Amino acid sequence: MTTPKRYLITSALPYANGHKHIGHLAGAYIPADIYVRYLRAQGRDVVFVCGSDEHGTAIPIQAMKEGTTPQAIIDKYHAIMKENFDDLSVSFDVYDRTSAPVHHETASEFFTYLNDRGELIVKESEQYYDEATATFLADRYIKGTCPNCGFTGAYGDQCEKCGTALSPDELINPVSTLSGNPPVKRATKHWYLPLDKYEGWLREYILEGHKDDWRASVLGQCKSWIDAGLQPRAVTRDLDWGVKVPLADAEGKVLYVWFDAPIGYISATKTWAQREGKDWKPYWQDKDTKLVHFIGKDNIVFHCIIFPLMLKLHDYIVPDNVPANEFLNLEGDKMSTSRAWKLDMQDYIDDFIKKANGGPALADCLRYYLTSIAPETKDSDFTWKGFQDAVNGELLNKFGNFLNRTLVLMHKLTGGKVPKWHADIVTERDNNLIKEIQNSKAKVEHLLEEYKFRDALSEVIALSSLGNVYLQECAPWSVAKKLAEGGSVAETAQKEIDNCLHLSLQLSANLAILINPFLPNTARKMCHLMKVVDGMLEWKNAGSLKLLSVGYSLRAPELLFRKIEDEEVAYQVEKLKAGMEASKAAQEAAIVSREASGVSDASDIGASTALSVTSAATTTVAETKSEIVYDDFAKIDLRIGTVTACEKVPKADKLLQLTVDMGSEVRTIVSGIAQHFSVEEMIGKQVLVVANLAPRKMRGIESQGMILTAEQPDGRLILVGPNDRTEPGSGVR
């Protein structure tokens, strides 16, 4: 197989609508980074591109949730994600964003190119429309029951439980996420990519051309889609957030996010090329470029069927491979943002890397564990005990221990310098280890080229284990006892010690090269301890037994990793459970809120309303609730908020939309109190807010808390708040 002239490596563009968890990291970013670092070490021409996906319905939905604008949301999360990737040593050559002008220009040009050549078709079709909000509903604004697995929270484009790609028409009992009402159908015009027209080419490209080198899960999902019969796929949507369709008769329409987003790889390459003074075109147009997409399995259809066809129709190269990973679970359960069952990259960074005893080594610890359990062929499970065992038992006690023992013994027995190699006393044990060192390069290289990163890492750790066995069998500390005898006995003993430590040091240098794609910070620290430049990490040096010169002084040993303590693991497990319990309690409180506020219309049910405190005079109609303990009450986070703005919710007589200053943030709260308080009298009021209630939608507005009221005997509501003016955000005990 000939080596490509250049490589273009992409990782799936993450949505800039919130924090990303370690499942994303394990699926699309660390595997890609390992592969890219390996290619760079080989001296190959490689560009690693990624960026924030800043269009689509997820962005305005999050903006409503946080009570701000879509632009503010993408600015916030783009910066967070970029910093997260830096902290975890993911080495993009460019991390761009789809809101950038170069992307809008590139996406518009791409659409125009296909449209002008008749590759797109125009169809008027009936699509779901929310009459309550006067909005054509994009796929993500529609929820219903998945026809494949029966999950009741499936979106109109995909079921996030089983991963099946869907269309809104396939959902059972669909409802609008904006109003909660069943949508109706209305006619609208859109542009479509005719996948059915190119079914033959797709079948040949994927099922024949890559039947031997693509992962079985990828081929299986593609085959299922193709065999079911491909249909034209819309590339435009009725939305006001995204890349505007560049046609005069397309007012109010934007490019569909799954047409728009992958074009972000192209625009990011342009950004990189302009910065570096290079030409971007060969990376997308030269057939001697190898294009590889790293994604999770929920993105397979778009990166293996839709985007390759788009590229073909634009005369660009198509992907050589799409090594999609399965899902990563957490402590035996699927990660879920809504249930707070997740480990965000930011949480790990804050709790480990940014701590006083953290740093880059802790970034490598996470990279190591996620690679060792990588969901390459099936779903895998992250557990905190597994993380602790991997770090303490494998990184620390095997890999790190070998280097530390070697350096300690070198300083003790050979004066802190690389000892000579004595060919006249080489043993079979020496030769066996030499063969393993020389063969390791080809083994690891083959696995990396096959995208088997988990096995490749295992080979490196296994080699370090052989080093530990070798040291133990040579036992230079025992041989050193013979040095006191003098004469030929001492001379032979010193030679044995020299050979053992010389070979162990050469193995250590090889381990630095081989571990570099996986644990780059560790490799650099090893170079520091061995007093060699990072240039030694070039892949061509792997397998060499002359990496460290005889007589060269090395630095005193330092531990590569620290131990993960039981207390840290216990804290993380409890933190995870507490987060889920708080989320559950908040959801239950939302139900209480709905019942207490008297909101019976399903479309008025949201994240919050007013929780009424019933007056003692009305106890004849209000039931006393079951007894709780203090811990139940302690789960509720009560805080003081100041209402800074207020307006009536359209078409909802009972609802007011409040803007509430919470001190450190501003929230939007929808409350069912419009029949008791006017807009004018609410402005400036201080209210008591249930601050840790899970957000819910009311009339299409994301409500982010619940205010407390007290119901009087005559049915009136009064606000529950502080007697004296209090700083917004103050806690209530």
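Reader: What makes strand β6 and β8 a pair?

Author: Three bridges link β6 (residues 142-145) to β8, in the antiparallel sense. Two strands count as paired if DSSP finds at least two bridges between them, so the three here qualify. A strand itself is a DSSP run of E, at least two residues, numbered from the N terminus. For a concrete spot, look at threonine 145, whose bridge partner in β8 is isoleucine 172.

Before you go on: this is a predicted model, where local features need pLDDT of at least 70, side-chain atom pairs count only at pLDDT 80 or more, and totals for chains, interfaces and linings use all residues. Residues are numbered from 1 along each chain as its sequence is written, and side-chain values use heavy atoms, leaving out hydrogens and water.

Reader: Why are β7 and β8 called edge strands?

Author: The open sheet runs β7-β6-β8, with antiparallel pairing. β7 (154-155) and β8 (172-176) each pair on one side only.

Reader: How do you know that β9 pairs with β10?

Author: Two bridges join β9 to strand β10 (residues 233-234), running antiparallel, and leucine 193 has arginine 233 in β10 as its bridge partner. β9 (residues 184-193) also pairs antiparallel with β4 (residues 121-130), over nine bridges. There, glutamate 124 has lysine 189 in β9 as its bridge partner.

Reader: Where are domain 1 and domain 4 in the chain?

Author: The domain assignment, automatic or from a database, puts domain 1 at 6-118 + 194-325 and domain 4 at 630-731. Their centres, taken over C-alpha atoms, are 41 Å apart.

Reader: How do you know that domain 1 and domain 4 are in contact?

Author: Contact means heavy atoms within 4.5 Å, and five residues of domain 1 meet that with seven of domain 4. Buried area (accessible area, 1.4 Å probe, lost on putting two parts together, summed over both) is about 480 Å² here, 50% of it on carbon and sulfur atoms. On the domain 1 side, Met64, Lys65 and Gly67 lose the most, together 82% of what that side buries.

Reader: How many salt bridges lie between domain 1 and domain 4?

Author: Zero. That means no side-chain nitrogen of Lys or Arg within 4 Å of a carboxyl oxygen of Asp or Glu between the two domains. Yet the touching side of domain 1 has two charged residues, alongside two nonpolar and one polar. By that scheme, Asp, Glu, Lys and Arg are charged, while Gly is among the polar ones and Met among the nonpolar.

Conventions
Helices (H or I, at least four residues) and strands (E, at least two) are DSSP runs, numbered from the N terminus.
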